[in-house]
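Please open the model in your viewer and keep the sequence panel beside it, since this tour moves from one selection to the next. At each stop there is something to select, followed by a description of what is there.

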Amino acid sequence: MCALRVIVCRALYSVSNPLLRTTIQNGSVISARDCSLAGNKERHALRWDLTPDDIRTSTDSLINRVKAVYDDIGSLKIEHVSVENTLKALAHAKLDYASSLHVLDFPQYVCPSKEVRAASTEADKKLSEFDVEISMREDVFQRITALQNKLQDNLSPEEKRFLDRLVTLGKRKGLHLSKDMQEEIKRKSKLICKLSIEFNQNLNEDNTFLVFSENELGGLADSFLNGLDKTANGRYKVTLEYPHYFPLMKRCHNPETRRKMETAFHSRCKDVNTAILEQLIQLKAKVADLLGYTSHANYVLEINMAKNAGNVSDFLDTFYETLKPIGIKERKYILALKKRECLMKGFQYDGQINAWDLPYYMNQVEQCKFAVNKDKLIEYFPLGVVTEGLFGIYQELLGLTFTQVEHANVWHENVKLYSARDTETGEEIGQFYMDLHPREGKFGHAACFGLQPGCRGPDGKRRLPVAAMVANFTKPRKGWPSLLQHHEVETYFHEFGHVMHEICSKTTFSEFSGTLVETDFVEVPSQMLENWVWEKEPLRRMSRHYKDGSPIPDNLLDKLIASRVANTGLMNLRQVVLGKVDQSLHSCPDADTAEVFAKHCEDILGVPATPGTNMIASFSHLVGGYDGQYYSYLWSEVYSMDIYFSRFKKEGIMNPKVGKEYRRVILEAGGSEDGMDMLKTFLGRDPCQDAFFQSKGLIKS
């Protein structure tokens, strides 16, 4: 219910990166009216050197500036409303707000200073309350509806879409209801925003680590151990950050070490965040009821492609029935692997797959069935080489040229800023920041943050969009470069796909810029681009041995590509679990989150949740724009695979003609058209599911 904007990232997979898609709101000191990033001769950059006092002052200034516009519109006589004084005035205010948000709220995720992060979080809370206030201005809503009734044929398609959207959103805020009900909705919506921010803040500030001996870390590569800090007595400190957690869970031979890590990872902020999330579930259910919906899930789904919870349930059930027999076979194979290893190493065999076993033995499946040597493979993916190859592929495919901006103003010395230009015209189309390594207090996952919209300003000229890719790849250290696992390369491609969606945007209104599309369509562009890391030519372009620059041997590359279908059943059943947990939690007035998660894990995945943990307490999707909508990762993947196999695989994966058409039809349009209409235009037909199941090895091509 909170007027939140979203950042986008990969789905929460069980054994690769659980990359969260959470929400951010509000904040910047640069007015779109005063400081365009495009269309003006004088260039201005976003400022990242604000003090806590600067943030507080600028937050108040932003609120006052935008409120004044809403006050002006709300005071208009109904009969005097027009496109200029109402629709365009609102569009300009929204652009000002969208262009003046993230210098204030983004630092909470990336700034090295704890004081600045705290001030940014407080700004976020204040601006979230303001979001609720302006989204529930009944006086403005009355003028919008009057304008809609007055206008029939004199609007462009995007203007009509914008006006209709404003009316729809007003009704979804309850502005057609009584004053008392509006006030109750407003109070609850503000509390939802406040609690959501606190949930994420708790996770961002968590700095838990565990200490192990070298023997307890058996099976882990020297490159991993060399990157760990040590205690005074020579033991290793292992954090719960991705570059530590996932390699350990996949490679460590010691089951007790894995058990301790998995328990700690899924107990992060358990008590405080469980209480917050269960309160949020109740609040959202109450607001949905006030608005006349049977559940919060049905409320959020109404404006998605799926439309209602029944369609989502049918979709997930169909996937479950297809994947169930595959999952049974995979579990039997994993149990056989576990039994054999327990006999060989003298471990007690308990006859079941535990949560701390799953990533380890799924990794074993890749090694046993596909002979993928990950210790060898990682040596061919140094971060610099991957970045060079990734940039080259995106540039060639989309007709772009990237150039690093020298002496850029950034929030940390390791951050880089790049300019993107159209290769043919030389026109600058956007800018993007790259912040790729972990540090204390930083957002702990991988995501794309939209920082400036790419749309037209009041002067009719396009504003330059800006985005940031934030990740947590291993730092270079002690003679070792930053080396990526292949799944991290996949994550890199995915997140950078979101960056391209942001900076290629060419909409009229900021409301539709970049990734502001239906939630169950937003992952389509980036998921589609993940396919390039499973093809030989692109893989060769983004890999070289970190020591001598030699290419990946053909046999290693062939085995890697063949392993794409490894663990298909369990990987996708995990997604079904999370989708169904999300639907269950947001279809009831209250819930025991740990109990619901444990039940679905056992029933669908066949792997029990570890007693005493609650994975849901760190499941930021549910407080960050994916509540009632986590199914979207599977839903989007169906369409992304159709795009890839039907156009790129068929016409050439590096075909610039197809790439530029993709940029024009899908990326530039943002949310100015329905996702289904964009799909039909690009595919030349209605989409279908066959390509998805083909990519999973479930049907023959």
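## Cysteines

Begin by selecting C688, which counts as partly exposed in this predicted model, at 33% relative accessibility. Then select C448, which is buried, with a relative accessible area of 1%. With a disulfide taken as a pair of cysteine sulfur atoms within 2.5 Å, the count comes to 0 disulfides.

## A serine in the helix α1

Move next to helix α1, residues 52–74, and pick out S58, which is found in this helix. Is S58 buried or exposed? S58 counts as buried, because its relative accessibility of 14% falls under the 20% limit used for that class. If you display side chains here, you can follow that of S58 to the backbone oxygen of D54, which it reaches at 2.8 Å. In an α-helix there are 3.6 residues a turn, so residues three or four places apart point the same way.

## The three-stranded sheet

Now select the strands β3, β5 and β4, which form an open sheet in that order, with antiparallel pairing. β3 (209–212) and β4 (229–230) stand at the edges, and because each has a single partner strand, one side of each is left without a neighbour in the sheet. Between β3 and strand β5 (residues 236–239) the pairing is antiparallel and runs over 4 bridges; to see one position in this pairing, select V211, which stands opposite K237 in β5. Add helix α11 (residues 255–265) to the selection, and you will find that this helix packs on the sheet, where it touches β3 and β5, with its direction at about 170° to that of β3.

## The five-stranded sheet

For the next stop, select β6, β7, β8, β10 and β9, which make up an open sheet of 5 strands in that order, with mixed pairing. Its edge strands are β6 (400–404) and β9 (447–452), each of which pairs on one side only, and the twist from one strand to the next averages 25°. Strands of a sheet pair through backbone hydrogen bonds, either parallel or antiparallel. Looking at β9 and strand β10 (residues 466–470), you will see an antiparallel pairing over 5 bridges, in which the bridge partner of G450 is A467 in β10.

Two helices can then be added to this view. Helix α17 (residues 383–398) lies across β6, β7 (416–422) and β8 (428–435), and runs at about 140° to β6. Helix α18 (residues 486–503) lies across β6, β7, β8, β9 and β10, and its direction makes about 145° with that of β8.

## A valine in helix α19

Continue to helix α19 (residues 524–529) and select V524, which lies in it. V524 is buried, with a relative accessible area of 0%. Which residues is V524 in contact with, once its neighbours within four places in sequence are left aside? They are S636, Y639, S640 and I643. To set V524 against another part of the chain, select F130 as well: these two residues are 394 apart along the chain, and their C-alpha atoms are separated by 31 Å.

## A covered helix

Finish with helix α22 (residues 568–585), which has 18 residues and spans 26 Å from its first C-alpha to its last, close to the 26 Å expected at 1.5 Å a residue. This helix is mostly covered, with 17 of its 18 residues buried.

Key: Residues are numbered from 1 along each chain as its sequence is written. This is a predicted model: local features need pLDDT of at least 70, side-chain atom pairs count only at pLDDT 80 or more; totals for chains, interfaces and linings use all residues. Side-chain values use heavy atoms; hydrogens and water are left out. Buried means under 20% relative accessible area, exposed over 50%, partly exposed in between (1.4 Å probe, protein chains only). A polar contact is a pair of N or O atoms within 3.5 Å; within protein, one must be able to donate a hydrogen and the other to accept it, and residues adjacent in sequence count only if both atoms are side-chain atoms. The expected span of a helix is 1.5 Å times one less than its number of residues. Two strands pair if DSSP finds at least two bridges between them. Contact means heavy atoms within 4.5 Å. Axes are lines fitted to C-alpha atoms, for helices over the stretch in contact, and angles run from 0 to 180 degrees between N-to-C directions.
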